[in-house]
Amino acid sequence: MKIFSAMYEWTMKAARHKHSSYYLSFMSFAESVFFPIPVDVMLAPMALAKPKSAWYYAFLATAFSVIGGVVGYYLGYALYDSVVQPIIESVGYQDKLTTAEAWFTEYGIWVIFIASFTPVPYKVFTVTAGIMSMAFLPFVLVSFIGRGLRFFMVAGLMRWGGEAMEEKLKLYVDRIGWTVVALIVIALIVMKL
């Protein structure tokens with residue numbers, strides 16, 4: 001099934017759009033609060049489409065992701081009972097929140113670094129950091145470092161790979177997409193154990 005090829009073509013078209021920086025900024029913000037699609041899906045094609053702007057795009061993704069993380073933190077800190085808890089219960093994420101709280105208790109600030117640098121849902125950890133009243137400045141600093149490492153690495157790989165990488169991605173995008181889906185399913189199963 002070639003779902004990811006069509007998505008890739010659409011994303012490359014959007015990456016070359018004159019307002020692509022705004023799309024990336026909004027997506028980076030939203031992904032840290034509620035949006036389920038990782039920022040890399042927009043950042044990588046944008047860095048491929050305009051390699052000279054790759055570092056700028058990585059900075060936008062980092063800055064707006066951290067701003068979104070601050071909003072997620074605030075939601076957990078100030079609006080957990082009235083807003084967040086009913087949403088978590090309605091979508092069945094209570095077990096994920098419980099897992100995140102346990103990881104915070106065991107690993108402290110390093111959980112934010114891991115969540116901001118990996119495909120683990122960063123939004124779950126931003127809200128949990130607020131719920132657990134984690135120190136705010138370390139939260140922002142570690143988020144900025146973790147998200148920055150992730151996004152600058154993605155942008156750097158795309159800039160380094162250039163047109164040759166774009167051609168390879170066209171060939172393998174469906175395989176890569178289904179592999180990522182499989183990894184997400186495995187991660188969800190492991191998180192439930």
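Reader: Are Arg150 and Asp40 buried or exposed?

Author: Arg150 is buried, and Asp40 is too. Here buried means under 20% relative accessible area, exposed over 50%, and partly exposed in between (1.4 Å probe, protein chains only). Please keep in mind that this is a predicted model: local features need pLDDT of at least 70, side-chain atom pairs count only at pLDDT 80 or more, and totals for chains, interfaces and linings use all residues. Residues are numbered from 1 along each chain as its sequence is written, and side-chain values use heavy atoms, with hydrogens and water left out.

Reader: What makes the meeting of Arg150 and Asp40 a salt bridge?

Author: The term asks for a side-chain nitrogen of Lys or Arg within 4 Å of a carboxyl oxygen of Asp or Glu. The N to O distance for this pair is 2.5 Å, so the pair qualifies. Arg150 lies in helix H9 and Asp40 in helix H3, so parts 110 residues apart in sequence are tied together. The helices are DSSP runs (H or I, at least four residues; strands would be E, at least two), numbered from the N terminus.

Reader: How many salt bridges does the whole structure have, and which residues are linked in a network?

Author: A search finds three. Glu31, Lys123 and Arg147 make up the network. The closest N and O atoms of Arg147 and Glu31 are 2.4 Å apart, while those of Glu31 and Lys123 are 4.0 Å apart. Glu31 in helix H2 and Lys123 in helix H8 (residues 122–131) are 92 residues apart along the chain.

Reader: Why is Lys123 called buried?

Author: Its relative accessibility is 16%, and the cut-off is under 20%, so Lys123 counts as buried. Glu31, at 6%, meets the same condition and is therefore buried.

Reader: What makes Ala47 buried, and what is it in contact with?

Author: Ala47 has a relative accessible area of 0%, so the term buried applies. This residue sits in H3 (residues 40–49). Leaving aside neighbours within four places in sequence, Ala47 is in contact (heavy atoms within 4.5 Å) with Ala54, Tyr57, Ala155 and Met158.

Reader: What makes a set of residues a nonpolar core, and which members touch the most others in the largest one?

Author: A core is a set of buried Ala, Val, Leu, Ile, Met, Phe, Trp, Tyr and Cys residues joined through side-chain atoms within 4.5 Å. The largest has 25 residues, and Leu24, Val39, Met42, Leu43, Met46, Ala61 and Phe151 touch the most other members. H3 gives the most to this core, with seven residues. A second, separate core of 13 residues includes Ile112, Ala115, Val124 and Phe139.

Reader: Why is Trp160 called exposed?

Author: Its relative accessible area is 70%, and exposed means over 50%, so the label follows. Trp160 also belongs to a nonpolar surface patch with Phe117, Leu141, Ile145, Leu149, Met153 and Leu157, with about 730 Å² of accessible area together. Patch residues have over 30% relative accessible area and no salt bridge; nonpolar side chains (Val, Leu, Ile, Met, Phe, Trp, Tyr) are joined within 5 Å, like charges within 9 Å. The areas come from the Shrake-Rupley method with a 1.4 Å probe, and for residues only the protein chains shown count as cover.

Reader: How confident is the predictor, in terms of average pLDDT?

Author: The average is 85, and 97% of the residues score at least 70, where pLDDT is the predictor's confidence in each residue, from 0 to 100.
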